[in-house]
Each structure stands twice: as C-alpha cells, then as structure tokens.
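Work through the exercises below with the sequence and the coordinates at hand, and try each task before reading its solution.

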Amino acid sequence: GRGLEGMVRSVAEWKMPEHGEFELDYISNQRPPRKAKVLSTNLWEQVLKICHEAPCSPEDKIRALRSISHLFHLSSSHMRALIGYFK
C-alpha cells in the first residue's frame, strides 16, 4: 500500500475510506513490562467518551492521547476502536 507521508500533514487530517483494505504497520522500540496489564475495555471506553465530548480539534485530541499513551497498554480491539473514533 501507499504510506501517508506527503498525503497529509497529520494523521488527524486523514480520513479512513469507507471501503477497501486498511493495512497498518506499527513499530515500537519498547516492550511492555512482563507484568503489564492491558487497560480494561470499560476504562478505554471512558477515555474515548471523554475525548469525544472534549470541545477541541482532532489534532488536539491526538496530542492529548499521545501525551498520556506511555501510561497504559492497549489491546488490538482498543486500537480498532480508536481508529474508528477518528474515522
């Protein structure tokens, strides 16, 4: 597939197409600690609800999530919900 580089300035500007395939490569240089626990689905849904209700731009919401992302671990279903949120 094609990368987003050069197409948009920020991932917040990108809109997921209504059809077709979405392919994602995610790389992190850090592994979670062995005893790390995934954020509960209930708490993640609360985070998304608060984010949804916040009266700020999508770019600011992404900045806010980035600023706290080192504090918790997500599951693949949490990531799917996050991607759907910014659709």
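A residue counts as buried under 20% relative accessible area, as exposed over 50%, and as partly exposed in between. The model is a predicted one, and every value below is computed from it.

**Exercise 1. Describe the overall architecture of the chain.**

Begin with the secondary structure: the chain holds 3 helices and 0 strands, and reading along the sequence gives the pattern α-α-α. Next, consider the extent of the C-alpha trace, which spans about 40 × 30 × 25 Å along its principal axes. Finally, turn to burial, where 15% of the 87 residues count as buried.

**Exercise 2. Determine how α1 and α3 are arranged relative to each other.**

Start from the helix axes, which come within 11 Å and cross at roughly 15 degrees. Angles under 35 degrees count as roughly parallel, and α1 and α3 are therefore roughly parallel to each other. To complete the description, assign the hand of the crossing, which is right-handed for α1 and α3.

**Exercise 3. Find the aromatic pairing, classify its geometry and place it in the fold.**

The count comes to 1 aromatic pair. The partners are W44 and F72, whose ring centres are 6.0 Å apart and whose planes are 50 degrees from each other, a geometry classed as tilted. To place the pair, note that W44 belongs to helix α1 (residues 41-53) while F72 sits in the loop between α2 (58-68) and α3 (76-85), so the contact ties together parts that are 28 residues apart in sequence. As a last step, check accessibility: both W44 and F72 are buried.

**Exercise 4. Decide why C51 and C56 are not joined by a disulfide.**

The required criterion is that the two cysteine sulfur atoms lie within 2.5 Å. For C51, the closest cysteine sulfur is that of C56, at 6.7 Å, which is too far for a bond. Taking C56 as the starting point leads back to C51 as the closest partner, again at 6.7 Å. The structure accordingly holds 0 disulfides. The surroundings of the two residues can then be set side by side: C51 is buried, with a relative accessible area of 8%, whereas C56 counts as partly exposed at 33%.

**Exercise 5. List the salt bridges, and give the location or accessibility of their partners.**

The cut-off for this step is a side-chain nitrogen of Lys or Arg within 4 Å of a carboxyl oxygen of Asp or Glu, and by that rule the count comes to 3 salt bridges.

1. R9 and E13 meet through their side chains with an N to O distance of 2.8 Å. R9 counts as exposed, at 78% relative accessibility, while E13 counts as partly exposed, at 29%.
2. K49 and E53 form a salt bridge with an N to O distance of 3.1 Å. Both residues lie in helix α1, 4 residues apart, which is about one turn of the helix, and both K49 and E53 are exposed.
3. D60 and R63 form a salt bridge with an N to O distance of 2.9 Å. These two residues lie in helix α2, 3 residues apart, about one turn of the helix, and D60 counts as partly exposed, at 33% relative accessibility.

Conventions: Residues are numbered from 1 along each chain as its sequence is written. This is a predicted model: local features need pLDDT of at least 70, side-chain atom pairs count only at pLDDT 80 or more; totals for chains, interfaces and linings use all residues. Side-chain values use heavy atoms; hydrogens and water are left out. Rings of Phe, Tyr and Trp (its six-membered ring) pair if their centres lie within 6.5 Å; planes under 30 degrees apart count as stacked, over 60 as edge-to-face and the rest as tilted. Buried means under 20% relative accessible area, exposed over 50%, partly exposed in between (1.4 Å probe, protein chains only). Axes are lines fitted to C-alpha atoms, for helices over the stretch in contact, and angles run from 0 to 180 degrees between N-to-C directions. Angles under 35 degrees count as roughly parallel, over 145 as roughly antiparallel, 65 to 115 as roughly perpendicular and the rest as oblique. A crossing is left-handed if the near helix is turned anticlockwise from the far one by less than a right angle, and right-handed if clockwise.
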